[in-house]
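Open the model in your viewer, switch on side chains, and keep the selection box handy. We will walk from strand to ring to charge, one stop at a time.

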Amino acid sequence: MALINEHYQKLAAGYLFPEIGRRVREYEQAHPGKPVIRMGIGDVTQPLSPSVIRAFHEGVDEMASAATFRGYGPEQGYGFLREAIAERSFRSRGADISAEEIFVSDGSKCDTGNIQEIFGRDSKIAICDPVYPVYADTTVMAGKTGPVGDNGYYQGIIYLPCTAENNFIPGLPQEVPDLIFLCYPNNPTGTVATREELKKWVDYAREHKSIILFDAAYEAFIRNGEIPHSIFEIEGAREVAIEFRSLSKTAGFTGTRLAYTVIPEELMAYDRQGQAVQVKKLWNRRHTTKFNGVSYPVQKAAAAVFTEEGQREVQATIDYYMENAALIRKNLEACGYTVYGGENAPYIWVRTRNGMKSWDFFDLLLERASVVGTPGSGFGPSGEGYFRFSAFAARENVLEAMARIRDL
Ligand SMILES: *Cc1c(COP(=O)(O)O)cnc(C)c1O
């Protein structure tokens with residue numbers, strides 16, 4: 001008899017996006033003449049940039065001739081790409097990271113989930129609330145939690161509430177976690193962490209031999225020059241942090257797939273005897289055993305992102321999204337809403353009015369304006385009473401959606 005991994009049955013139903021889809025379909029069937037504007041799901045809308053497409057095509061052409069054909073490549077990624085990433089993403093910002101510390105993959109979603117596998121089953125995990133749902137769900141799948149409680153929290157996870165009261169930056173927890181997921185710029189709140197705030201976490205992790213799992217999927221959206229793009233810009237972080245980066249939002253790679261995970265040489269975790277083990281070595285073992293590398297043309301395309309020209313193009317697309325974000329902020333503020341984020345991130349986090357529940361606000365917007373956003377409570381209990389707008393949309397749709405919300 002085949003037994004299942006029963007931890008999967010603890011998962012609170014993958015509720016958020018299917019439920020949004022269901023309500024939107026129902027609405028569309030009932031109101032066929034009213035086009036719905038989607039500002040809910042965090043997927044990009046602009047195409048790959050010209051130099052990326054050119055490199056992508058070149059990569060494909062190389063596969064067409066025996067002289068330039070490539071089979072299996074290095075699982076960790078081609079040297080040309082890892083070098084380009086180390087230089088452009090890290091060393092140019094004063095973060096001392098070498099190509100050998102970079103593991104190229106097909107996504108940060110997979111990496112943030114898979115990383116759990118190299119740490120002990122008993123590891124205590126700290127997760128912000130609200131946040132990207134992958135961290136908690138993969139912790140449950142790994143068998144590191146009890147069932148979900150009435151408060152929406154899984155037993156055994158240390159939750160770090162992030163609300164307007166703490167500027168969406170959690171305080172240090174009472175109970176000491178072994179692994180700490182941090183995501184800045186944040187999905188869904190759109191807020192950023194200053195150098196001082198990150199330093200506080202790095203110092204805490206060093207004191208307790210904890211490891212920070214830092215998701216920087218949105219670093220390219222940072223506008224404020226004082227805000228660090230990488231945790232490795234913080235002194236001491238090489239001893240206590242892993243960073244996840246992705247070209248998904250940075251360069252429109254959500255359908256092309258390329259991300260990378262950075263694990264410094266110095267980062268250690270411990271066996272039961274207290275003996276230090278290099279984390280990078282464990283991840284290398286896992287990655288080379290379970291993953292066979294990203295396709296060559298995609299790595300060629302990705303390398304183009306890290307050229308002068310590629311950076312200019314990618315920034316122009318990000319500017320477009322950030323102009324959307326500014327429009328959304330301005331219009332919602334003019335309507336009297338309190339808004340957060342949207343200045344260094346593509347997400348705008350809105351406080352509903354008069355204590356309205358997130359899903360009630362969702363229904364109101366859908367019914368009265370045919371606009372779809374994301375209920376904050378879907379990202380965690382502390383998101384109740386908030387609502388997320390995404391700046392990943394066509395300009396005309398943003399303008400139309402804002403006009404409809406003004407007329408509510
Ligand atoms: C979109 C997103 C990612 C990127 O995931 P990929 O698998 O690389 O597409 C990672 N983290 C967060 C918080 C995200 O919102």
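Which residue in β5 is the bridge partner of Ala126? Select Ala126 and look across to β5: the partner is Ile180. One note before we go further: this is a predicted model.

**Stop 1: strand β5 and its neighbours**

Ala126 belongs to the stretch to colour first, because strand β3 covers residues 125-129. Two bridges join β3 to β5, and these strands run parallel. Now turn to β6: five bridges join it to β5, again in a parallel arrangement. To find one matching position, select Phe181, which stands opposite Leu213 in β6. From β5 the chain passes through helix α6 (residues 195-208) on its way to β6, and this β-α-β crossover is right-handed.

Stay on β5 and show its side chains. In a regular strand, side chains alternate between the two faces of the sheet. Here, Leu179, Phe181 and Cys183 lie on one side and Ile180 and Leu182 on the other, and all are buried. With five of its five residues buried, β5 is largely enclosed by the rest of the structure.

**Stop 2: aromatic rings**

How many aromatic pairs does the structure hold? There are 23. Begin with Phe168 and Tyr340: their ring centres are 4.9 Å apart and their planes meet at 65 degrees, so the pair is edge-to-face; the cut-off for that label is over 60 degrees. Phe168 sits in the loop between β4 (157-161) and β5 (179-183), while Tyr340 is in strand β11 (residues 338-341), so the pair ties together parts that are 172 residues apart in sequence. Phe168 is buried at 2% relative accessibility, whereas Tyr340 is partly exposed at 21%.

Next, select Tyr218 and Phe221. This aromatic pair is tilted, with 6.1 Å from centre to centre and 55 degrees between the planes. Both residues are buried. Add Tyr320, Tyr321, Tyr347 and Phe392 to the selection, and you have one aromatic cluster together with Tyr218 and Phe221.

Two arginines are worth adding to this view. The charged end of Arg388 sits over the ring of Tyr347, 4.1 Å from its centre. Arg395 lies over the face of Tyr320, at 4.6 Å from the ring centre.

**Stop 3: salt bridges**

The count of salt bridges comes to 29. Select Asp319 and Arg223, whose closest N and O atoms are 2.6 Å apart in a salt bridge. Asp319 is in helix α10 (residues 308-334) and Arg223 is in the loop between β6 (211-215) and β7 (241-246), so this pair ties together parts that are 96 residues apart in sequence. Asp319 is partly exposed at 33% relative accessibility, and Arg223 is partly exposed at 35%.

Are Arg245 and Glu243 buried or exposed? Arg245 is buried at 1% relative accessible area, and Glu243 is buried at 0%. Their side chains meet in a salt bridge of 2.8 Å, N to O.

Finish in helix α1 (residues 16-30), where Glu19 and Arg22 lie three residues apart, about one turn of the helix. They form a salt bridge, with the closest N and O atoms 2.8 Å apart. Glu19 is buried at 12%, while Arg22 is partly exposed at 36%. Widen the selection to Arg23, Glu26 and Asp363, which are linked with Glu19 and Arg22 in a network of salt bridges.

Key:
Residues numbered from 1 in each chain as written. Predicted model: local features only at pLDDT ≥ 70, side-chain atom pairs only at ≥ 80, totals over all residues. Heavy atoms only, no water. Phe/Tyr/Trp six-rings, centres within 6.5 Å; stacked < 30°, edge-to-face > 60°. Helix = DSSP H or I, 4+ residues; strand = E, 2+ residues; numbered from the N terminus. Buried < 20%, exposed > 50% of the residue type's maximum accessible area, 1.4 Å probe, protein only. Lys NZ or Arg CZ within 6 Å of the ring centre and 35° of its normal. Salt bridge = Lys/Arg side-chain N within 4 Å of Asp/Glu carboxyl O. Pairing = 2+ DSSP bridges. Right-handed = clockwise from strand over helix to strand, strands pointing away.
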